[in-house]
Amino acid sequence: MKITDKLSHAHASEQAPPTFSFEFFTPKTTQGVQNLYDRMDRMYNLNPLFIDITWNAGGRLSTLTTEMVNTTSTVLGLETCMHLTCTNMDLKLIDDALQSAYDSGCQNILALRGDPPLDGSESTGDFKYALHLIKYIKSKYGDHFNIGIAGYPEGHPEDEGDQAKTIEFLKAKQDAGGDFIVTQMFYDADRFIDWCHKIREAGITIPVIPGIMPISTYAAFLRRAKWSEIHIPQHFMERLTPIKDDDAKVREEGTQLVIEMCQRIVEAGVVNHLHFYTMNLEKATLMILEGLNLVSKQQITDMKQPWRKSLNPNR
Ligand code: FAD
């Protein structure tokens, strides 16, 4: 089923609580893949609206994405969204990935450009921007796929702070066929809310799905924020820095900070769904969901039981 249909259905009543979803990345080893299937299966019993699987351009890992999408969709029965990048990708690889998703019954593609080559050279491949991939998917598959597009509440690093430009290109992706936006991670709720208002003013009407990155350790928190070039609000630093060497305390306080951020953006009425970057782990995401009262302690206990498969009404 398409993600936008699932969202409309879940939020038919304005009082409905926020829904949520989980992102996973392709592991490097066969054992890692098996462990991840087990984790996905367990976490799906918490009733996420969907899960998604990231894409790695080049090498074995890109075909692993299509294999995993096939398994999660057809064997595990999980509503899946496949990421697909287009720079440095042969058209044949893109065609094969789309055909494989189609054959698996997967109806959701997050259409991305991918990162440019690290050495600064021009990318190879048939598409320069995500926009071109969206147009291509539309031309080949019409409305079969629900197409997600990436959004950057604090700007894309390549746009050098020109927010109007970033929003203009986002609008072009919507107009070409983008059905929903999944955002880059962020910790500044005010900036995110402001961006949501700005994109609506610019004529972007499709649902916004905020990317939520749990905080597990202090070092990872700083590294990811730096890598994504996002602003860290002062109160995050004030509450995390004094406990930075105690991982358990950082996770607890970080969870509380992310819960407060999620509450702010939901209460502001700009989103009704939360998308978690799980980093293939469950604990930090579960702590946030529990803190938001979106899952109960009992659900978390039950999901670990061998008889849990019968619990999920969506199967
Ligand atoms: P685009 O929308 O093409 O934008 C790229 C840059 O070009 C931006 O600066 C944009 O403003 C500019 N631009 C866009 N259109 C035009 C135009 N017509 N003319 C001139 N400039 C233009 N990467 C992976 O490799 N695998 C993944 O699975 C993955 N998942 C992601 C999931 C999310 C939610 C997000 C936010 C990012 C993800 N990425 C992933 C990273 C992503 O590939 C990079 O951020 C990449 O640099 C940009 O991708 P995009 O689809 O936003 O590109």
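## Around the ligand

Let's start at the ligand, which has 22 residues around it; the closest are Thr54, His83, Arg113, Tyr129 and Ala130. Keep in mind as you look that this is a predicted model.

Which elements each supply at least two residues of the shell around the ligand? They are strand S3, helix H5 (130-141), helix H6 (163-176) and strand S6 (180-185). The top contributor is H6, which gives three residues to the shell. By character, the shell around the ligand divides into nine nonpolar residues, eight polar ones and five charged ones.

## The barrel

Now for the strands. Eight of them form a closed barrel with parallel pairing, in the order S1-S2-S3-S4-S5-S6-S7-S8. On average, neighbouring strands of this sheet are turned by 25° against each other, with direction ignored.

You can follow some of these pairings by eye. Strand S3, at residues 80-85, runs parallel to strand S4, at residues 108-112, and five bridges join the two. Within this pairing, Thr85 has Leu112 in S4 as its bridge partner.

## Strand S8 and its two partners

Strand S8 covers residues 273-277, and four of its five residues are buried, which leaves the strand mostly covered. S8 pairs with strand S1 (residues 19-24) in the parallel sense, over five bridges. S8 is also joined to strand S7 (residues 208-212), again running parallel, by two bridges.

Which residue of S8 stands opposite Phe22? It is Phe276. Phe276 is a good one to find on screen, since it is also the bridge partner of Ile212.

## Two helices that cross

Two packed helices are described by the angle between their axes and the distance between the axes. Helix H10 spans residues 247-267 and helix H11 spans residues 283-291; they pack at an angle of about 50°, and their axes are 9 Å apart. An angle of that value makes H10 oblique to H11. The crossing in which H10 passes H11 is right-handed.

## Helix H8 and the loop after it

Helix H8 runs over residues 218-228, and Ala225 has its place there. Is Ala225 buried, exposed or partly exposed? Ala225 has 18 C-beta neighbours inside 10 Å, so it counts as partly exposed; a buried residue would need 20 or more. Ala225 also shows how the chain brings separate stretches together: Phe186 is 39 residues away from it in sequence, yet their C-alpha atoms are 7.7 Å apart in space.

Moving on along the chain, Glu229 is found in the loop between H8 and helix H9 (234-240). Glu229 counts as partly exposed because it has 13 C-beta neighbours inside 10 Å, and an exposed residue would have 12 or fewer.

## Two positive phi values

Most residues other than glycine have a negative phi. Glu229 has a positive one, near 55°, although it is a residue other than glycine.

Where does Asn88 lie? It sits in the loop between S3 and helix H4 (91-104). Asn88, too, is a residue other than glycine with a positive phi, near 55°. With 17 C-beta neighbours inside 10 Å, Asn88 counts as partly exposed.

Key: Residues numbered from 1 in each chain as written. Predicted model: local features only at pLDDT ≥ 70, side-chain atom pairs only at ≥ 80, totals over all residues. Pairing = 2+ DSSP bridges. Axes fitted to C-alpha atoms, helices over the stretch in contact; angles between N-to-C directions. Near = placed C-beta within 6 Å. Nonpolar A, V, L, I, M, F, W, Y, C, P; charged D, E, K, R; others polar. Parallel < 35°, antiparallel > 145°, perpendicular 65-115°, else oblique. Left-handed = near helix turned anticlockwise from the far one by under 90°.
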